[in-house]
Amino acid sequence: MEKKIDVFFEQDKAIAISVISILQKGNECLATNYTLDSYLNGDNNFVKFIIAKIDEKYAGYIIFKNVDETIDLEYILVDEKYRNMLVGSKMIEKMLEYAVQNNVKNIMLEVRRSNKKAICFYEKNGFQMVNIRKNYYNDTHEDALIYNLQVK
Ligand SMILES: CC(C)(COP(=O)(O)OP(=O)(O)OC[C@H]1O[C@@H](n2cnc3c(N)ncnc32)[C@H](O)[C@@H]1OP(=O)(O)O)[C@@H](O)C(=O)NCCC(=O)NCCS
């Protein structure tokens, strides 16, 4: 039987952070230059959380930041058990709906050059590479590829 995928915005930041921590613990999670806690503090009013559930189990999340006409996609993760079932694409779709409703013109993200899976996923979902940041990541000094999606 086809699994039911629910994708929704979690407005309660503390709940979102606890779901995200659980999913991160169960999955190999590439470091970003930001900690999860930093999204709870500071200018966190710009930060939004999308959560996906499959058959009532937490399956994935997106963290993004929206300031004016731009969204920065901070992180996307789908639990290994649920990959390649379009959970990631459905969460991107939800973010796009938000973008259209909120007059967002561009969605930007950065990805490690070595993360071929994610690069393929982003390109399938309409993102195009626009720039390269050399030695970007604090841990490995790997390059970041910058991708953009223009919202129509
Ligand atoms: C990238 C990620 C979010 C994709 O989520 P997902 O739910 O598996 O993606 P979808 O099922 O929507 O897949 C859509 C497309 O992505 C691509 N893709 C997904 N997994 C892939 C893989 N293992 N190898 C190559 N391409 C892959 C495919 O092109 C797929 O399209 P297809 O089914 O038509 O072939 C998921 O693999 C993940 O959580 N990775 C680890 C965390 C990560 O790297 N996040 C990005 C940090 S920048």
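Here is a short tour of this predicted model, one selection at a time.

Before starting, note that residues are numbered from 1 along each chain as its sequence is written. Because the model is predicted, local features need pLDDT of at least 70 and side-chain atom pairs count only at pLDDT 80 or more, while totals for chains, interfaces and linings use all residues.

**Whole chain**

Start with a cartoon view, where you will find 3 helices and 7 strands. Helices (H or I, at least four residues) and strands (E, at least two) are DSSP runs, numbered from the N terminus. Follow the chain from its start and the order reads β-α-β-β-β-α-β-α-β-β. The radius of gyration, taken over C-alpha atoms, is 15 Å, close to the 15 Å that the globule rule gives for 152 residues, so the chain is as compact as a globular protein of that length. That rule is 2.2 Å times the number of residues to the power 0.38. Along the principal axes, the C-alpha atoms fill a box of roughly 45 × 35 × 35 Å.

**The β2, β3 and β4 strands**

Next, select β2 (47-54) and β3 (57-67). These strands are antiparallel and pair over 8 bridges; strands count as paired if DSSP finds at least two bridges between them. Look across from I51 and you meet Y61 in β3. The two strands form a hairpin with 2 residues between them, and D55 in the turn has a positive phi of about 45 degrees.

Now add β4 (70-78). β3 and β4 are also antiparallel, with 8 bridges, and I62 stands opposite I76 in β4. Towards their turn, V67 has T70 as its bridge partner. This hairpin, too, has 2 residues between its strands, and D68 takes a positive phi near 50 degrees.

On to β5 (106-112). β4 and β5 run parallel and are joined by 4 bridges; find T70 again, opposite N106 in β5.

**The nonpolar core**

Show side chains for I50, Y61, I62, M91 and M95, which touch the most other members of the 35-residue largest nonpolar core. Such a core is a set of buried Ala, Val, Leu, Ile, Met, Phe, Trp, Tyr and Cys residues joined through C-beta atoms within 7 Å. Buried means that 20 or more other C-beta atoms lie within 10 Å of a residue's own, with C-beta atoms placed from the backbone. Elements that each supply at least two core residues include α1 (13-25), β2, β3 and β7 (144-150).

Which residues does I62 touch, not counting those up to four places away in sequence? They are I50, L73, I76, M91 and M95.

**Around the ligand**

Finally, centre on the ligand and its 18 surrounding residues, of which R83, G88, S89, C120 and F121 come nearest. A residue is near if its C-beta atom, placed from the backbone, lies within 6 Å. β4, α2 (87-101) and α3 (116-124) each give two or more residues to this shell, and α3 gives the largest share, 5 residues.

Notes
Buried ≥ 20, exposed ≤ 12 C-beta atoms within 10 Å, placed from the backbone. Contact = placed C-beta atoms within 7 Å.
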